There are 4 protein chains.
Amino acid sequence: MAFSVAVAGASGYAGGELLRILASHPELEVRTVTAHANAGERLLRVHPHLASYADLVLEPTTADVLRGHDVVFLALPHGASGAISAELGEETLVIDCGADHRLEREEDWAEYYGGDFFGTWAYGLPELELSGAETKQRTNLERISRIAVPGCNVTAITLALAPALHRGLVQPADLTAVLAVGPSGAGKKAAVSLLGSELMGSANPYAVTGGHRHNPEVRQNLRRAGGADVTLAFTPVLVPMARGILATTTARLSDGVDAAQLRAAYEESYGAERFVQLLPDGEWPRTGDVTGSNRASIGIGVDERAGRLVAVAAIDNLGKGTAGAAVQSANIALGLEESLGLPLDGVAP
Amino acid sequence: MAFSVAVAGASGYAGGELLRILASHPELEVRTVTAHANAGERLLRVHPHLASYADLVLEPTTADVLRGHDVVFLALPHGASGAISAELGEETLVIDCGADHRLEREEDWAEYYGGDFFGTWAYGLPELELSGAETKQRTNLERISRIAVPGCNVTAITLALAPALHRGLVQPADLTAVLAVGPSGAGKKAAVSLLGSELMGSANPYAVTGGHRHNPEVRQNLRRAGGADVTLAFTPVLVPMARGILATTTARLSDGVDAAQLRAAYEESYGAERFVQLLPDGEWPRTGDVTGSNRASIGIGVDERAGRLVAVAAIDNLGKGTAGAAVQSANIALGLEESLGLPLDGVAP
Amino acid sequence: MAFSVAVAGASGYAGGELLRILASHPELEVRTVTAHANAGERLLRVHPHLASYADLVLEPTTADVLRGHDVVFLALPHGASGAISAELGEETLVIDCGADHRLEREEDWAEYYGGDFFGTWAYGLPELELSGAETKQRTNLERISRIAVPGCNVTAITLALAPALHRGLVQPADLTAVLAVGPSGAGKKAAVSLLGSELMGSANPYAVTGGHRHNPEVRQNLRRAGGADVTLAFTPVLVPMARGILATTTARLSDGVDAAQLRAAYEESYGAERFVQLLPDGEWPRTGDVTGSNRASIGIGVDERAGRLVAVAAIDNLGKGTAGAAVQSANIALGLEESLGLPLDGVAP
Amino acid sequence: MAFSVAVAGASGYAGGELLRILASHPELEVRTVTAHANAGERLLRVHPHLASYADLVLEPTTADVLRGHDVVFLALPHGASGAISAELGEETLVIDCGADHRLEREEDWAEYYGGDFFGTWAYGLPELELSGAETKQRTNLERISRIAVPGCNVTAITLALAPALHRGLVQPADLTAVLAVGPSGAGKKAAVSLLGSELMGSANPYAVTGGHRHNPEVRQNLRRAGGADVTLAFTPVLVPMARGILATTTARLSDGVDAAQLRAAYEESYGAERFVQLLPDGEWPRTGDVTGSNRASIGIGVDERAGRLVAVAAIDNLGKGTAGAAVQSANIALGLEESLGLPLDGVAP
């Protein structure tokens, strides 16, 4: 018998992608969708692409509406999930796609987000190797009732750099990451800077010099993977594609490390992972190849002259970057096959 | 009286942009356009956007056709300009938009291009500060009859990093640059990897780990600016816009350097430059804002946690990246006002 | 037990989309993929998005390689499928995504394609209502071993206009259709006119004034639906999106016909169709909402001043326009549930 | 001595394009720019592409600020220009880029816009041939102090169809027009439907079945050109490019009319027009080729089977569609050379 599901914040892009994935999930059954401004509307009017949900109507986002489902996915603005999840009992699996429960250190929350801090939940990146541990983060998600889904940019950078840091093959100081990102990651909010006219034909950097809210989260991940604090210069650049993140990351090689060692490390990390694909030597990922999928595609190489590892990761910000990760984590927590209902192939061209 | 001009390789994108700029240049008059496969065709059929040139027909690219003009712009595949320019006397100003005469070191040519090396010409980046010199590169272009136009990616990275290197404010080791680039820089050649279907909706890295041909040239520039060899990890990423380069560069700060010193340095370098615009603190350039112009727009800041300068430069790869730089250099060599005929404003949105 | 499947022409865009859909089809199992120039390569190298097929290698496209499968999908250039399918026995279901077997009249073939004519196969548009028949085209596909998949533009125009023509609510003379189309419909061929640089930022018409090869096929469909020859002015326009067709069609109303009659007609035609969605009054389809799906989304209305029906249809040219239609038809022919394995929701935004 | 200019509504896209064109106009000198919400900001902050205007600050849009200039360009929301222009004397040339003064019939205004009607001004489409007149609309703009600039979609459709209607070569009934349009025509307003995420990868129709506000205006033009009321089914489709309009129009041929007659007619209409380019037989315009220019590019042909003229026009909605037309009209009214300061070549690719 399927688990009953509610999606809160269903009118946004993350909510829409959750529903798209869940429509073909054999064990999760969407019963309830909620929204704020769009409450009362037919879901299909808000998301005309979701023909599977012809009969659903958006309800208001309240604990009363969400209560009683086996699984509740939250796709709410940051700051909104703490209060509402407190009203849902531990018998409900709550998967938060927002930022509220990702950070371990309250001072990071205060600096980058502000407002009340509602504590840290299990972090929904199963493939993350942990310093000093035998097992990956996956283990920490089993039979858990609260999961925080990683930020999309964070997932891309983490998957690109963690294997090398975990094994000490690169130095934790002096990491760099530049991300080409599609605007759907910024949400479905009316803002001049996100207009098609402003974005088409242009590459637009933002939150340069460390101001992006995903900054403390990615440093936290890399610290957990490698066991040491890292320094990272991280710059996101909006480019004219609706979806996708291409993270181009670099790290200084530790003394004596060569390309073969690095390749062996990444193969060890990801060889058995269904949703992280390590490309052969000389091939590099493209975001178009992961559109609509829960796959991260990663290429690595050494720039000999620069003495740096270059690791490039492509994900769909709404897929492996948000909704796919949420469903993957839910599968683990519920004891289901981890890959259930999750698309592996991208929609290309 | 105007100078007579021929454009060789006029059927490509660089040739087209040269013609577009020259159409409104008061002192340069296009008399002859040449091409290889398209010889014999009306120019307007090859470049339907160039309505100004309704009567021109493409002639074959030979020295006989090019000889006798005051100025010859070459927009040819690499390896093609050495032989043809040898047949043009020193009374003709030859501006080469290709790579043949950019590199100082023959071993760099052999490693990245191969084939005969035809020697180094004066380098067409007037704004470049030179280590140990009182004057900028501009001075070296006056009354010269042979000029090599910089590579487009090279110009973006050089303008972003040179002022800091020139003054020792950042370390020459451990530079990084990731570029979001439009495909017009790759030329008008039929290749599956450049199809609209492959590019739209995707970010596609290429020539990762140091293989891009612009690599030795940018290191050469930064060496000339700073006086020391540099190490640089440089990765270009094709993004879905026809034109534009956004170079996101980083460099480790030298000891004790702060943001104010850096800003003062860039103001010193670029304050009087018409075609290099330094944005105020906290503002960052967008490629859409320089489309069609000869302007480079640069934003700088310090990522305090990472201990790095972040300098972002936006140019139009066909404008300041190629055709604009060619005309600007020609103006200098001919003793004309440097900015003559060159667009300053971008075509946005 | 699943049916064994071969896909010929698997290296192109249509072949890739067939494979993407078939990867999650519970009863069709891809055993063999073939190509021409790419024979011998790993499929994953040609289609990096198809991670499901990590082990497949492209074989040459020959009858020997294709023989012995239960189902063979052909995604070949026109003119290539006649000979090869003649070598496959009637025990093999052959689904031709090319044009070779669509046209009823040999003179249409001679005029628009030329070369040998290999005869007409059952036409793979199940939803098409037929003049003078009780049943739709679906019935003609049951237990058939040869099916011709419609052209992508043809499907969009046909679905938009057929219900009104079938019932005589609009006049067969004086139909118009303008299509906004993505370049993937033109295939994965290296041509300057299909370069990203030529397409991004531009809307480019082609095959204006009736020259498009889909022209006789769409007139054939509308004749079959309405019982009379039609006249149609049909213009395709390439627009900057990799996938998608938006067909804006108009037709003169027959005397006395009003909007309510038209809506009733379309509801009758499509109310029970899973893959044709009729939008409510005042809503119009967007191609982004059907990307990656097998759904056609249709909006209709009456322009009172103009005295015309306006019917707008959105499909994914590779989905309902090609690969989805192929699988849907195969399902019918094999006696499977018609919708098996076919995506209903689009990948948006 | 140059004429002094103010641009009201300078913060929007039309205002920005006016300023970009005026920056290189030898006889018009921008002294004042005004805005509503952005009043008090540096212009360069609102339009980072307009480096020419480094020192200008936006002032509030009031008659007091605008008074005293030789020319005032209004780029305001509809309904706003009537009151403000009433306060500017006849010694000021007022060019209204908005809709307020375009329509001749008050009932059209009431039906499509509503609110007070402020009367009809001279219509700024110099190339329009007028039924029963020896001269084009150009003549009506000489020494005039009030000019209404046409709507962008209107200009495209009018230029495509007017020559044929003017000579009776096509029938005024049963015209059709489908437009592929970029979103900059909808202005710089924050709306979810105009977000990059909603537009990229999608073709989105709107205002189908005659609801677009440009509808009465285009019928008015065609009536003025041909001398009879027309019926027109007109559908705009948003496509993923920031700028550009491609109007694909069709019209039923009058009895006995052939392609040669039509070509002769269009040559007669446009042969001497600098800013309307008639393409040779078999060539069709692309919007990318007119980007940033004041040129309309037009291709015509006959679809013999359909019995229809197909006339396709490409313009830049902000160029010939708005700001270019405004400056062209101002040049005429001021007695300057009509083409002064107006770009002819497009920025392509």
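Which residues does D:Thr61 touch, not counting residues up to four places away in sequence? The views below are taken from a predicted model.

**View 1. Contacts of D:Thr61 in chain D.** Leaving aside residues up to four places away in sequence, D:Thr61 touches D:Ala8, D:Gly9, D:Thr34, D:Ala35, D:His36, D:Leu76 and D:Ile84. With D:Thr34 there is also a polar contact between the two side chains, at 2.7 Å.

**View 2. The loop that holds D:Thr61.** In chain D, this loop runs between β3 (59-60) and α3 (63-66). D:Thr61 has a relative accessibility of 25% and therefore counts as partly exposed, since the class lies between the limits of 20% for buried and 50% for exposed. D:Leu74 is 13 residues away from D:Thr61 in sequence, and their C-alpha atoms are 9.7 Å apart in space.

**View 3. Chains A and B superposed.** A turn of 180° with a shift of 0.0 Å along the axis lays chain B on chain A, with an RMSD of 0.0 Å. The two copies are thus related as by a two-fold rotation axis. The same surface serves both copies, as 98% of the contact residues of chain B recur in chain A. Among the residues of chain B, B:Pro240 comes closest to the rotation axis, its C-alpha lying at 2.9 Å.

**View 4. Residues 4-136 of chain A.** The UniProt record, an unreviewed entry, places the feature "domain: Semialdehyde dehydrogenase NAD-binding" on this span of chain A. Helix makes up 23% of residues 4-136 and strand 19%. The C-alpha atoms at the two ends of the span are 28 Å apart.

Note on methods: Residues numbered from 1 in each chain as written. Chains lettered and ligands numbered in written order. Predicted model: local features only at pLDDT ≥ 70, side-chain atom pairs only at ≥ 80, totals over all residues. Heavy atoms only, no water. UniProt positions renumbered as here; feature names shortened; annotations may be inferred. Helix = DSSP H or I, 4+ residues; strand = E, 2+ residues; numbered from the N terminus. Least-squares fit on C-alpha atoms with pLDDT ≥ 70 in both. Contact = heavy atoms within 4.5 Å. Buried < 20%, exposed > 50% of the residue type's maximum accessible area, 1.4 Å probe, protein only. Polar contact = N/O pair within 3.5 Å; in protein donor to acceptor, adjacent residues only side chain to side chain.
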